[in-house]
Amino acid sequence: MTEPSVGIIGGTNGMGRWLAELLTARGCRVCVTGRKTAATAADAARSCDVVVVAVPIAATSGVIAHVGPLLQSSQALMDLTSLKEEPVALMLSSSPAEVVGCHPLFGPQAADPARHSIVLCRGRGETWYAWMKAVFEQAGYTVLEKTPAEHDRVMAVVQALSHLNTIALGMAVAAAGFSAIQLEPFATPVFKTKMELVKKVFTESPELYADIIAGNPNRREVFAVYENVLRTLSELVGSGDGKKLKHAMEAAADKLFAPKP
Ligand SMILES: NC(=O)c1ccc[n+]([C@@H]2O[C@H](COP(=O)([O-])OP(=O)(O)OC[C@H]3O[C@@H](n4cnc5c(N)ncnc54)[C@H](OP(=O)(O)O)[C@@H]3O)[C@@H](O)[C@H]2O)c1
């Protein structure tokens, strides 16, 4: 069977480039666009069977609104955004095309597909959804089929809460008056690992992490849980005795690491 043509808007870098390489290796004709390429997003939308939006979160709505109406019902519109509710709803409302929501749960440098998963959300139509699912599974990835709301609810913990925790650590270290260089001679292996993560989040792509937190529809619940936990922790160690905190951690461990029922 002839492989379809795929246009990747934001395919010059990051996750768009990852997908371009995967599909090119499969034999698809891939048209990659960026802000400076000769081919434009509109060219890709008019000429490719499948059109993928892989631009930064802040630019995603504008790109979907621009290309969505240019597609026909025989084509597919897909995104790679780390959030799913808003982009999938926008793809559905702005385009007559089939719609697939996609979130690879790894970064562009990840190797070994067998260790990684990709979330797919049904938007509209089965043909291109089934093709994308087969592409990822044949490449060795695990595909998790979720609704956009289910995805964003889980990512509120896996990404928003987790990145919030990393950002809070970095901000708290800075607010305590220390730089990483000052602390380096004293750093334990655990502190080194955590500060490497802080450095990655703060310096490599801070807008990605900021938008993953700010754009999650469940962000208020995430902050409420986090603030409550911090308040509780402060009360538990208030008397200067670690016993209450130890008991609270043991109770949480029962929930966190209990064997599957
Ligand atoms: N990075 C990750 O770990 C990761 C993982 C899963 C999902 N995602 C999602 O993947 C999407 C892209 O993220 P990324 O990290 O791959 O971004 P990225 O590395 O910054 O790449 C963004 C791409 O979009 C283009 N671009 C940048 N700004 C643009 C704009 N204003 N309008 C149109 N095109 C623009 C860039 O091309 P030019 O610079 O050539 O114009 C580049 O090809 C986001 O929705 C993100 O949530 C990221």
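This passage walks through the overall build, the pockets, the cysteines and a few single residues of a predicted model.

Start with the broad outline. The protein has 261 residues, and 38% of them are buried. Its secondary structure comes to eleven helices and seven strands. Measured out along the principal axes, the C-alpha atoms fill a box of roughly 70 × 45 × 30 Å. Plenty of the contacts link distant parts of the chain: taking those between residues at least 6 apart in sequence, 64% join residues at least 24 apart.

The chain is assigned two stretches as domains, with domain 1 covering 5-146 and domain 2 covering 150-256. Eleven residues of domain 1 and eleven residues of domain 2 take part in the contact between them. From centre to centre, over C-alpha atoms, the two domains sit 31 Å apart.

Next come the pockets. The largest pocket holds about 1500 Å³ of space. Its lining runs to 47 residues, and the ones closest to the centre are Gly 14, Met 15, Pro 108, Ser 205 and Leu 208. Both domains have a hand in this pocket, as domain 1 and domain 2 each give at least three residues to the lining. Several elements supply at least two lining residues each, namely helix 1 (14-26), helix 3 (57-67), strand 5 (98-104), helix 6 (148-175), helix 8 (189-204) and helix 9 (206-214). Helix 6 makes the largest contribution, with six residues. As for chemistry, the lining of the largest pocket is a mix of 22 nonpolar, 19 polar and six charged residues.

The second largest pocket has about 610 Å³ of space. Fifteen residues line this one, and nearest its centre are Tyr 226, Val 229, Leu 233, Ala 252 and Leu 256. Helix 6 turns up here too, supplying at least two lining residues, as do helix 10 (219-236) and helix 11 (243-256). This time helix 10 gives the most, with seven residues. The lining of the second largest pocket breaks down into 13 nonpolar and two polar residues, with no charged ones.

Met 15, already met at the largest pocket, is worth another look. This residue belongs to helix 1. With a relative accessibility of 18%, Met 15 counts as buried, because the cut-off for that label is under 20%. Leaving aside residues up to four places away in sequence, Met 15 touches Leu 80, Pro 104, Phe 106, Gly 107 and Pro 108. One of these partners, Pro 108, is also listed with Met 15 among the residues closest to the centre of the largest pocket. Tyr 129 lies 114 residues from Met 15 in sequence, and their C-alpha atoms are 19 Å apart in space.

On to the cysteines. Searching the whole structure turns up zero disulfides. For Cys 31, the closest cysteine sulfur is that of Cys 48 at 4.8 Å, so the two are too far apart for a bond. A disulfide would need the two sulfur atoms within 2.5 Å. Cys 121 is in no disulfide either, and the nearest cysteine sulfur, in Cys 102, is 8.5 Å away. Both Cys 31 and Cys 121 are tucked out of reach of the probe to some degree: Cys 31 is buried at 14% relative accessibility, and Cys 121 is buried with a relative accessible area of 0%.

Two loop residues round things off. Most residues other than glycine have a negative phi. Asp 112 is not a glycine, yet its phi is positive, at about 60°. Asp 112 sits in the loop between strand 5 and strand 6 (117-124). Its relative accessibility of 39% makes Asp 112 partly exposed.

Ala 176 is found in another stretch, the loop that runs between helix 6 and helix 7 (180-183). At 52% relative accessibility, Ala 176 counts as exposed, since that label applies over 50%. Ala 176 and Lys 255 are 79 residues apart along the chain, and 32 Å separate their C-alpha atoms.

Note on methods:
Residues numbered from 1 in each chain as written. Predicted model: local features only at pLDDT ≥ 70, side-chain atom pairs only at ≥ 80, totals over all residues. Heavy atoms only, no water. Buried < 20%, exposed > 50% of the residue type's maximum accessible area, 1.4 Å probe, protein only. 1 Å grid on protein atoms, 1.4 Å probe; cavity = no way out; pocket = protein on both sides within 12 Å on 5 of 7 lines; lining within 4 Å. Points joined across faces, edges and corners; volume = space filled by probe spheres on them. Helix = DSSP H or I, 4+ residues; strand = E, 2+ residues; numbered from the N terminus. Nonpolar A, V, L, I, M, F, W, Y, C, P; charged D, E, K, R; others polar. Domains from an automatic or database assignment. Contact = heavy atoms within 4.5 Å.
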